[in-house]
Protein chains: 2
Amino acid sequence: MKNPKLRAFIPLFYIVWSDDLLTQKEFLTLQEFIGSQNWLSEKEKELLFSKVNVLAPPSREQLVHWKSEIEKIIQDKPSVKCIFDISIILSENDKTVVDLRPAFVELENDLGILGEEVIGDFKKTAVIFTSNYKTVKRFDTEILTQILDGKEAAIIKKVKSVISRPEFAYETSTDTDVYREKVYDWCKILAEENLGNMAYPKQYGGGGNLADYFAIMETLSYHDLSLVIKFGVQFGLWGMSIQSLGTEKHYIKYLKDIGSLKLTGCFAMTETNHGSNVKGLETMATYNHDDQTFTIHTPNENAQKEYIGNAANHGQMATVFAKLMIGGNDYGINAFIVPLRATNGNILKGITIGDCGLKMGLNGVDNGTIRFEKVVVPKENMLDRFASINESGEFESPIPSDNRRFFTMLGTLVGGRIGIPRSALAAAKSGLTIAILYSDKRRQFGPEGGSEVPILNYRMHQRRLIPLLAKTYAVHFALQYLTNRFINKNECEMQEIEALAAGMKAYSTWSTRDTLQECREACGGKGYLSENRIDALKNDTEIYTTFEGDNTVLMQLVAKNRLSEFRKSFGEMDAMGIINYVYENTKTAISEKNPIATRKTDDEHLLDD
Amino acid sequence: MKNPKLRAFIPLFYIVWSDDLLTQKEFLTLQEFIGSQNWLSEKEKELLFSKVNVLAPPSREQLVHWKSEIEKIIQDKPSVKCIFDISIILSENDKTVVDLRPAFVELENDLGILGEEVIGDFKKTAVIFTSNYKTVKRFDTEILTQILDGKEAAIIKKVKSVISRPEFAYETSTDTDVYREKVYDWCKILAEENLGNMAYPKQYGGGGNLADYFAIMETLSYHDLSLVIKFGVQFGLWGMSIQSLGTEKHYIKYLKDIGSLKLTGCFAMTETNHGSNVKGLETMATYNHDDQTFTIHTPNENAQKEYIGNAANHGQMATVFAKLMIGGNDYGINAFIVPLRATNGNILKGITIGDCGLKMGLNGVDNGTIRFEKVVVPKENMLDRFASINESGEFESPIPSDNRRFFTMLGTLVGGRIGIPRSALAAAKSGLTIAILYSDKRRQFGPEGGSEVPILNYRMHQRRLIPLLAKTYAVHFALQYLTNRFINKNECEMQEIEALAAGMKAYSTWSTRDTLQECREACGGKGYLSENRIDALKNDTEIYTTFEGDNTVLMQLVAKNRLSEFRKSFGEMDAMGIINYVYENTKTAISEKNPIATRKTDDEHLLDD
């Protein structure tokens, strides 16, 4: 096209043929525009129509030529602001063309190519990342690790060293039996290293260090979550039920062997029909004063114990929660030690074990069902710290209310609601480490002509992961606080600590669920391959929101506790006090709901360079 | 306690000993109160102190006696409104006691037992659900099914009948090889039933019915999601790539055998280094005009094809996307048919296949990696609908821009972004069916003395599941709309339909992710057992948010499209028009953000009875 007037159309032609956003509809728009220009001769119109004929597109060479003409103009004249400015220059300032600005601007608007950003596409100078790009460390990770590990640094180091041994290589078999045995073997090694008995009193062969026990739980969770749950079932649930609900005679008889894994056991509370509402458990323990025994019995199929860890394969005994019956009277839920297997592994008479089979995760833990068919155990097998039967066969307890006694018993077991969220926390840390390291390496898209950019450089990707990282730090310190409160508790604080543990268990496990979900998606296809571990982290922790107290139910406990506390606080306030209280809380709630608006600082650019 | 004055304390004593919410702190409060009452003699105080001594609790019989006294009063006198009203009656209207109302009220407040609800706990009459409780059907499910199935009712019925056959029993083996072969066998049955070739033109042995094809995809998803993905890879991705990107000669040669599963194949687009940014694919197809062949080559390890379905075990051929090079010039990404295996299953020379191994889900699909070491294929293996090489060895295309051509090719493959969200929809439907049916049976907690209540009766549980059910219906009809738009499209609408498909794919798969998460948690421990299927539904659909276009990237495409459209719309508006537009959109946004506040009706009680 030599005719300068007609050259005004070159930018439009180039854009409609090259841009992948324009459609046939836009071609029609352009044809209509050309047809309506009275200043063009019929011959000129014909020539222009030939350039926007879908059946006869310009050659590849033609396109390249147009492009270079346009780019040359843009580079030479920084004053060029829109497509029409290029048209004017190409038309050599033809008077007719200059007067057409309003018509061209309307057309460009119809085509969606109005404005500076279209020119920007031609101008774009690539900001090229050199291929030896490396993220720079901005802080001393050693110091941060010291702060995170605190006083438990030594035991954390020991656990990390143990699980780094070759025998702790991940089990990759999909055969559940193989996986269960591997996890059992790992537990034996941990017991040999005196890690299992850490929480038990020293006089019964334990380590006497509850803080270290929780740190062990958390650190093991960096390895394999089936391991930590099997470990928690054996040394936490089974062992601690003896320690919390039993008395001297039980400690002497059992704790040492539990700590060394010589005596494996289960915590048999949940039944098929009763999970959250454990007050309604139906398993019965009927006392017979004649021979001073209890008969443990499952009255119906749905009263079987379910999901019980260590039951399917390895447990020799169980702490069984059952309704105590004496002389036809119901004395509420109490706990009893019931043998399940002989030392040779054979299941004992009256005991029926089922296997929960394949689960979404934690397949290294042998969860099972247990039924009791009139199983007789001696009187001393009652865990009698909170209730006992005296020499005359009468029930005795310092806590007369059955409900209150049961909830006191449950209260002593609150440690599980600290161990589980700390394990969940470790899983979130692992997931974030995997996802953030990957997104610092993975490159996708980038400026025209430049290298692709690490996806962590995208604002979108930072927004997905970095707030979750910050939250995980917050949960870390919150769980440290909870642990310290629990370890140093006095009787008066128990109710508050129980509510705190319930709330933190729910909050932390939900946070881990959301974090690992985002990590999976942020890693794309790689996040779906089992070898990259997000699979196991996600599926193993999936049940954390359910076990040790269903999160939804726990949150209602927290609400109940908070409302009681508020009622007390309000009772002590005058009208002005209440107004101030509501004002302060509203202020906090609003600023918390608006974290981005209020906290938008330069920090978010930190990762850009 | 015979002294009427002292009997005023009975309700307090009963509550502190029976209520599981009061702590030692409250005992101290009560002791302090007693100590400060000057109207009591020292002896009377001593007696009262003895009742709140933690070391000497009242007997169980004492508690029962107190309780029955209180209950009797409450039943006889409906006017009783608070604990102190009971105290007055027990004290036989003792003048001293009556005057103590302010002091007692303050004490009750401190103890957190002020108010009618405490009395309510005594009054509570159990609303007992008869054990033969059954949810009543309120609507005709037949009619609803007709509306949902629409014109595809016949094919849906056929698919349901096929997948109900005994040979479609779920595969429970954890051995990936066993599962993969089972899914392959299922695909053979579906091909025999003429379900695989449903979308292909009739003249090439197909069913010529795209609407039915999508209905088949959705219905198969009620069975097993590995099956539907394997099915989609073979008949959708592999077959439709031939149909959409090839020409007559390819249809004649391949379509019939693909539809009958005689010719298995892959869709080899994604590379290790390029998933979202497919424009950057590095696999090369170099044209040699001397012998009229292409040499397919993987230039580096990270340019290998990855996650390719059908690659690890069964694919005989693949549609390979590669950068076309002619005489040293790059002509952008084009598609080529490349044989991978001989008919006996042996991998051909120059081809290296890897196995993606265990994945979070979809383990019945044999995803693999493919590398090409200078593999030579004849010229006719280029899928040449949008570009070809002429007799002189020159590149020819009706679409001169390489980018535009590639995105046009991708546009023809948009069907995958309809099949996948429809499959995701079916998974959400399955999950909700499982969770809602279970929660109508599962009972937990209930009124004192009454039966436990189905958990679906709890407002909380309804709020968890019912909005998701409503959303799933909405997504159903939205995807029907999208399918119809796609089937009846004209060229001008393609861009809008592509944006709609991208948006619905992202929205629907995220919705399924959230729905199945809630279903899992709502089913508690049962939701974690693989036998109840939420495991598979959740883990199989987990990757739906990533494949067929990463959701986050798709949403950016949608945003780009919407912004272009808005720019056009705004261009045509005057100032008043823009103000009206913003007003209407704001109104909608606000009412949508507030669905509960604006739609709280009696409907939410429907499930209560």
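A residue counts as buried when its relative accessible area is under 20%, as exposed when that value is over 50%, and as partly exposed in between. The model on the screen is predicted, and the tour below goes from single residues in chain A to the contact between the chains, and then to charged pairs and cysteines.

**Stop 1: Thr293(A)**

Select Thr293(A), which belongs to strand 3 of chain A, the run of residues 293–297. Because its relative accessible area is 10%, Thr293(A) is buried. Show side chains here, and look for the polar contact of 2.7 Å that joins the side chain of Thr293(A) to the side chain of Asp291(A). If residues up to four places away in sequence are set aside, the residues that Thr293(A) touches are Thr286(A), Tyr287(A) and Asn288(A), together with Val376(A), Val377(A), Pro378(A) and Lys379(A).

**Stop 2: Pro11(A)**

Move next to Pro11(A), a residue of helix 2 of chain A, which covers residues 10–18. With a relative accessibility of 1%, Pro11(A) counts as buried. Which residues are in contact with Pro11(A), once its neighbours within four places in sequence are left aside? Selecting Ile70(A), Ile83(A), Ile86(A), Ser87(A) and Leu90(A) displays them. For Leu90(A), a C-alpha to C-alpha distance label should read 9.0 Å from Pro11(A), although 79 residues of sequence lie between the two positions as a separation.

**Stop 3: the contact between chain A and chain B**

Now colour by chain and select the residues in contact across the two chains, to which chain A gives 90 residues and chain B gives 90 residues. The size of an interface is often expressed as the accessible area that is lost when the parts come together. Between chain A and chain B the buried area is about 7800 Å², with carbon and sulfur atoms giving 48% of that area. On the side of chain A, highlight Arg60(A), Arg404(A) and Tyr528(A), since these residues supply 11% of the area that chain A buries against chain B, more than any other three residues.

Polar contacts can be drawn across this boundary as well, where 48 residue pairs are counted between chain A and chain B with both residues at pLDDT 80 or more. Helix 21 of chain A, residues 551–571, gives the largest share of the side of chain A that touches chain B, namely 7 residues. Coloured by class, that side of chain A shows 28 nonpolar, 30 polar and 32 charged residues.

**Stop 4: salt bridges between the chains**

Side chains of opposite charge can pair when their charged atoms come close. How many salt bridges does the rule find across the interface of chain A and chain B? There are 8 salt bridges across that interface, while a search of the whole structure finds 54 over all chains. One to select is the pair Glu306(A) and Lys526(B), whose side chains meet at 2.7 Å, N to O.

Another is the pair Arg520(A) and Glu542(B), at 2.8 Å, N to O. This pair crosses between chains, with Arg520(A) in helix 19 of chain A (residues 494–522) and Glu542(B) in the loop between helix 20 (534–541) and helix 21 (551–571) of chain B. Both Arg520(A) and Glu542(B) are buried.

**Stop 5: salt bridges within chain B**

Select Lys45(B) and Glu42(B), whose side chains form a salt bridge at 3.9 Å, N to O. The two residues are separated by about one helical turn, because they are 3 residues apart in helix 4 of chain B, residues 42–51. Is each partner buried or exposed? Lys45(B) counts as buried at 8% relative accessibility, whereas Glu42(B), at 58%, is exposed.

Then turn to Glu271(B) and Lys305(B), a salt bridge in which the closest N and O atoms are 3.0 Å apart. Glu271(B) lies in the loop between strand 1 (265–268) and strand 2 (284–288) of chain B, and Lys305(B) lies in strand 4 (residues 305–308), so the salt bridge ties together parts that are 34 residues apart in sequence. Glu271(B) is buried at 0% relative accessibility, and Lys305(B) is buried with a relative accessible area of 0%.

**Stop 6: cysteines**

Finally, select the cysteines; the structure holds 0 disulfides over all chains. Cys187(B) is in no disulfide, and its nearest cysteine sulfur, that of Cys266(B), is 13 Å away. At 1% relative accessibility Cys187(B) counts as buried, while Cys492(A), at 31%, is partly exposed.

Methods: Residues are numbered from 1 along each chain as its sequence is written. Chains are lettered from A and ligands numbered from 1 in the order in which they are written. This is a predicted model: local features need pLDDT of at least 70, side-chain atom pairs count only at pLDDT 80 or more; totals for chains, interfaces and linings use all residues. Side-chain values use heavy atoms; hydrogens and water are left out. Contact means heavy atoms within 4.5 Å. Buried area is the accessible area (1.4 Å probe) that two parts lose on being put together, summed over both. A salt bridge is a side-chain nitrogen of Lys or Arg within 4 Å of a carboxyl oxygen of Asp or Glu. A polar contact is a pair of N or O atoms within 3.5 Å; within protein, one must be able to donate a hydrogen and the other to accept it, and residues adjacent in sequence count only if both atoms are side-chain atoms. Helices (H or I, at least four residues) and strands (E, at least two) are DSSP runs, numbered from the N terminus. Ala, Val, Leu, Ile, Met, Phe, Trp, Tyr, Cys and Pro count as nonpolar, Asp, Glu, Lys and Arg as charged, and the others, Gly among them, as polar. Buried means under 20% relative accessible area, exposed over 50%, partly exposed in between (1.4 Å probe, protein chains only). A disulfide is a pair of cysteine sulfur atoms within 2.5 Å.
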